[in-house]
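Q: Could you take me through the aromatic rings in this one? I'd like a close look at how they pair up and where they sit.

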Amino acid sequence: MAILVDMTGSESRLDAIKTDFKRLGVNDPVWVVGDDFDPATIRLVLAWKPQTRDWAAFPNVHLVQSWGAGVDHLLDAGFPADWTVARFMGQSLKDRMVRYVCAQLSNWQLDMPRLYAAQSEQRWDWHDGRWGDNVLVLGLGELGQSVAEALVQQGYQVSGWSQSPKTIESVVSLTGKQGLRAGLAKADYLINLLPLTSETRGLLDSQLWARCERKPVIMNVGRGASLAEDDLIPALDVGLIGGAILDVFDPEPLADDSPLWRHPDIWITPHIASISDPSDVIRLAIENQQRVEAGQQPRYPVDLSREY
Ligand code: GLV
């Protein structure tokens, strides 16, 4: 039996992936798309924006393990409906996301670009900071919940908007249209951690920001397509929002000639907020494979028909 790594852009990681499988006691052959292998031998597919489409040639796949937490990249892959799919989740992913969000909020509040510029000119540029206490986290899945808890620890007033109510200490749980409206009205920061589905596509747009009363800074660490990129600069111009901290785009990478690059109140990072730790993904893939072969559900199962 063998493993297929079908990950767009995985070339540089392949050796590490093979080494990790071996180190963790799995000696099955590890193939990549384009290798000469027998598809009938594949029992585990490690996937990130997979290219393969003729899955009918893979009758023995027990599990598709997503390399990332999001699974929107798997929706068009055409997997047979009865295949088991799992997403990646783990403490390292949560920690990295928490660190990114907290760091960027602090950087924003201290206006770090201004201070870097001042340092480069050996200028003592004391300023009052750009404070703000109210954060609305959109999406209270594993990552959203960790972020909300960490922000509470940092002294923020945190609300979280999710499909079903959540009980998280010191976090106001909001649901539905009414809940969203209430959260938007008082948010200084709006952090998107929603999965990309047909319902969340384009959700963050001018219409939504028009409901905000405090000119919030928008942070997108979910998926690029959840945010209407073309609405950003007009919304900044008319003062609907105060800034944008963007880690995800649609498409990626962000086009060289995008005006977003040059706007002083838009900060851009290259989808780096929370990178999957390869060893953690492989450890989970092996555990999930064993669970599925033993007739159990994998950890972090995904129902692709529900889009997350
Ligand atoms: C990254 O974007 C992920 O889905 O984990």
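**Aromatic rings up close**

A: Let's start with a group: Trp 31, Phe 37, Trp 55, Phe 58, Phe 79 and Trp 83 make up one aromatic cluster. Keep in mind that this is a predicted model. Searching the whole structure turns up 7 aromatic pairs. One of them is Trp 55 with Phe 79, a tilted pair, because the ring centres are 5.0 Å apart and the planes meet at 50°, between the 30 and 60 degrees that bound the tilted class. This pair links distant parts of the chain, with the two residues 24 apart. Trp 55 sits in the loop between strand E3 (42-48) and strand E4 (63-66), while Phe 79 is in the loop between E4 and strand E5 (85-86). Trp 55 and Phe 79 are both buried.

Now over to Trp 108 and Trp 267. Their ring centres are also 5.0 Å apart and their planes are at 55°, so this pair is tilted as well. Trp 108 belongs to helix H2 (residues 91-110) and Trp 267 to strand E12 (residues 266-268), so the pair ties together parts 159 residues apart in sequence. How buried is each partner? Trp 108 has 4% relative accessibility, so it counts as buried. Trp 267 has a relative accessible area of 13%, so it is buried too, as the cut-off for buried is under 20%.

Trp 108 has a charged partner as well: the charged end of Arg 130 sits over the Trp 108 ring, 4.0 Å from the ring's centre.

How values were computed: Residues numbered from 1 in each chain as written. Predicted model: local features only at pLDDT ≥ 70, side-chain atom pairs only at ≥ 80, totals over all residues. Heavy atoms only, no water. Phe/Tyr/Trp six-rings, centres within 6.5 Å; stacked < 30°, edge-to-face > 60°. Helix = DSSP H or I, 4+ residues; strand = E, 2+ residues; numbered from the N terminus. Buried < 20%, exposed > 50% of the residue type's maximum accessible area, 1.4 Å probe, protein only. Lys NZ or Arg CZ within 6 Å of the ring centre and 35° of its normal.
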